[in-house]
Amino acid sequence: MTSSELWNRATADRYDTEESEMSSAAVLGPALAFLAELAGDGRALEFAIGTGRVGVPLRERGVPVVGIELSEHMAAVLRRKIDEDTLPVTLGDMATTTVPGEFTLVYLVYNTISNLLTQDEQVACFRNAARHLAPGGRFVIELGVPPLRFLPPGQVAVPFDVSERHLGFDTFDLVEQILVSHHLTRDGDDGRYRRSHSRHRYAWPAELDLMARIAGLDLERRVADWDGAPFTQDSTKHISVWRKPA
């Protein structure tokens with residue numbers, strides 16, 4: 001078991017509602033096109049498949065998808081959408097769990113590698129991806145760039161959402177490369193807010209490239225979004241593609 005925090009039943013049941021914008025056609029369309037092109041005629045493996053926000057519609061596009069998921073509650077929500085024969089899911093962590101066969105694509109979206117809270121576990125995740133890839137296959141990660149440029153000396157918190165129904169900010173441990181995302185979410189119209197938080201280990205693109213080299217993968221491409229915009233010093237996230245040598 002890795003140090004990832006485990007999603008409970010209540011969090012899993014409300015995940016799709018709270019992340020409805022991330023499931024919109026405007027957000028998912030470019031991501032699905034990007035991933036389907038890389039998968040080609042082969043199979044895709046999604047690490048931390050969750051409720052199937054990406055895996056289910058990718059399977060519906062004709063790409064054979066297999067998933068690995070740590071939380072049985074998240075996997076149970078996915079299973080309401082699609083059967084096991086159509087999209088198999090293995091319960092386990094993405095750093096060590098293996099599934100049969102080879103894949104042309106392994107992917108890990110929406111900052112999820114940061115759920116692994118140590119560098120060793122993140123390296124193990126890259127090695128696990130390489131273990132599953134066929135020669136010439138690709139490993140894709142979507143990850144935010146740490147917003148440390150917003151931290152003046154002495155400040156340890158950065159807001160990322162201030163809206164009518166949600167307040168969100170990150171606090172940083174700059175020594176351990178740990179950020180904690182804090183959420184105040186308004187439930188209903190009675191003025192009450194639900195408080196939650198989650199821990200993550202942030203990593204720079206160059207650090208990920210070194211992890212990939214340790215796993216025997218080569219950087220093939222890095223862009224700023226699923227539409228393929230150039231990655232620059234002002235980009236807030238990146239989509240990175242590493243290739244297993246043929």
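Colleague: So two strands count as paired if DSSP finds at least two bridges between them; going by that, in what order do the four strands of the open sheet come?

Modeller: This is a predicted model, and in it the four strands are arranged as E6-E7-E8-E9, with antiparallel pairing. The edges are strand E6 (157-162) and strand E9 (193-201), each of which pairs on one side only, and the twist from one strand to the next averages 20°.

Colleague: How many bridges hold E7 and E8 together?

Modeller: Eight bridges, in the antiparallel sense, between strand E7 (residues 166-173) and strand E8 (residues 178-186). If you want to check the register, glycine 168 is opposite histidine 183 in E8, and threonine 171 faces valine 180 of that strand.

Colleague: And which residue in that hairpin takes a positive phi?

Modeller: Glutamine 177, with a phi near 55°, in a hairpin that has four residues between E7 and E8.

Colleague: What about E8 and E9, how many bridges there?

Modeller: E8 and E9 are joined by nine bridges, again in the antiparallel sense, with leucine 179 opposite histidine 200 in E9. Their hairpin has six residues between the strands, and glycine 188 in the turn has a positive phi of about 75°.

Colleague: Now the other sheet: what is the strand order in the seven-stranded one?

Modeller: The order runs E3-E2-E1-E4-E5-E11-E10 in an open sheet whose pairing is mixed. Strand E3 (89-91) and strand E10 (218-223) form its edges, each pairing on one side only, and here the twist averages 20° from one strand to the next.

Colleague: Are E1 and E2 parallel or antiparallel?

Modeller: Parallel: strand E1 (residues 44-47) and strand E2 (residues 65-69) share four bridges, and alanine 44 is placed opposite valine 65 in E2.

Colleague: Which helices pack on this sheet, and what does H5 touch?

Modeller: Helix H5 (residues 119-132) packs on it and touches E1, strand E4 (103-108), strand E5 (133-144) and strand E11 (237-243), with its direction at about 145° to that of E5. Helix H6 (residues 205-214) lies across E5, E10 and E11, and runs at about 15° to E11.

Colleague: Switching to aromatics, how many pairs are there?

Modeller: The count comes to six aromatic pairs. One of them joins phenylalanine 126 to phenylalanine 139 in an edge-to-face arrangement, 5.1 Å centre to centre with 85° between the planes. That pair links distant parts of the chain, since phenylalanine 126 belongs to helix H5 and phenylalanine 139 to strand E5, 13 residues apart. Ring pairs also link these two with Phe47 and Trp242 into a cluster.

Colleague: Are phenylalanine 126 and phenylalanine 139 buried or exposed?

Modeller: Phenylalanine 126 and phenylalanine 139 are both buried.

Colleague: Which residue lies over the face of phenylalanine 103?

Modeller: Arginine 43 does, at 4.1 Å from the ring centre.

Colleague: I've got leucine 105 on screen; where does it lie, and what does it touch?

Modeller: Leucine 105 lies in strand E4. Leaving aside residues up to four places away in sequence, leucine 105 touches Leu35, Leu38, Ala39, Arg43, Ala44, Leu45, Leu133, Arg138 and Val140. Leucine 105 and alanine 36 are 69 residues apart in sequence, yet 9.0 Å apart in space, C-alpha to C-alpha.

Colleague: Why call leucine 105 buried?

Modeller: Because its relative accessible area is 0%, and buried means under 20%.

Colleague: What about threonine 51, where is that one?

Modeller: Threonine 51 sits in the loop between E1 and helix H3 (55-60), and at 1% relative accessibility threonine 51 too counts as buried. Apart from residues up to four places away in sequence, the contacts of threonine 51 are Ala12, Tyr15, Asp16, Met74, Val77, Leu78 and Lys81.

Colleague: Last one, the overall picture: what radius of gyration does the protein have?

Modeller: The protein has 18 Å, and because a compact globule of 246 residues would have a radius of gyration near 18 Å, the two agree. The C-alpha trace spans about 50 × 40 × 35 Å along its principal axes, and the protein has six helices and 11 strands. Buried residues make up 47% of the 246 residues, and of the contacts with a separation of 6 or more, 59% are between residues 24 or more positions apart.

Notes:
Residues numbered from 1 in each chain as written. Predicted model: local features only at pLDDT ≥ 70, side-chain atom pairs only at ≥ 80, totals over all residues. Heavy atoms only, no water. Pairing = 2+ DSSP bridges. Helix = DSSP H or I, 4+ residues; strand = E, 2+ residues; numbered from the N terminus. Axes fitted to C-alpha atoms, helices over the stretch in contact; angles between N-to-C directions. Contact = heavy atoms within 4.5 Å. Buried < 20%, exposed > 50% of the residue type's maximum accessible area, 1.4 Å probe, protein only. Phe/Tyr/Trp six-rings, centres within 6.5 Å; stacked < 30°, edge-to-face > 60°. Lys NZ or Arg CZ within 6 Å of the ring centre and 35° of its normal. Rg over C-alpha atoms; globule rule 2.2 N^0.38 Å.
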